[in-house]
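Okay, thanks everyone. Let me put the model up, and then I'll talk through a few spots in it.

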Amino acid sequence: MHEMALTQSVVDAVCEHAAGRRVYSVKVEVGALCAVVPDAMTFCFEMAVEGTVADGARLDIDVRPGAAQCRSCDAH
């Protein structure tokens, strides 16, 4: 489950940036094509924040649609 590694990296960055201040919510944008399962990421987030300044914080996941472009004709 790569969601745990991704989520732990997000939590580490958030806690470092918070510099000891309490964190109440975290918003992340996830591309629809990156194979992240939002429910799995939420589950991992709850475990990853335990004992940190983000303990009890809300995770808001904004799933962004995928996009593609043809290399031959530049159609989207």
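I'll go through the cysteines, then two backbone oddities, then one helix residue.

Just so we're clear, this is a predicted model. So, how many disulfides does the count come to? Zero, going by a cut-off of 2.5 Å between cysteine sulfurs.

Take Cys 44 to begin with. Its closest cysteine sulfur belongs to Cys 34, and at 14 Å that's too far for a bond. Cys 44 is also buried, at 1% relative accessibility. Cys 73 is another case: the closest cysteine sulfur there is in Cys 70, 3.6 Å away, and that is still too far, because a disulfide needs the sulfurs within 2.5 Å. As for the surface, Cys 73 is exposed, with a relative accessible area of 53%.

Okay, backbone. Most non-glycine residues have a negative phi. Now look at Ala 35: its phi is near 65°, so a positive value without being a glycine. Where does Ala 35 sit? You'll find it in the loop that runs between strand 1 (25-31) and helix 2 (38-48), and at 52% relative accessibility it counts as exposed.

Asp 74 also has a positive phi, near 65°, and isn't a glycine either. This one is in the segment after strand 2 (58-64). Asp 74 counts as partly exposed, because its relative accessibility is 48%.

Last one, Asp 12, which is in helix 1, residues 2-18. At 43% relative accessibility, Asp 12 is partly exposed. Its C-alpha is 8.9 Å from that of Val 49, with the two positions 37 residues apart along the chain.

Note on methods: Residues numbered from 1 in each chain as written. Predicted model: local features only at pLDDT ≥ 70, side-chain atom pairs only at ≥ 80, totals over all residues. Heavy atoms only, no water. Helix = DSSP H or I, 4+ residues; strand = E, 2+ residues; numbered from the N terminus. Buried < 20%, exposed > 50% of the residue type's maximum accessible area, 1.4 Å probe, protein only.
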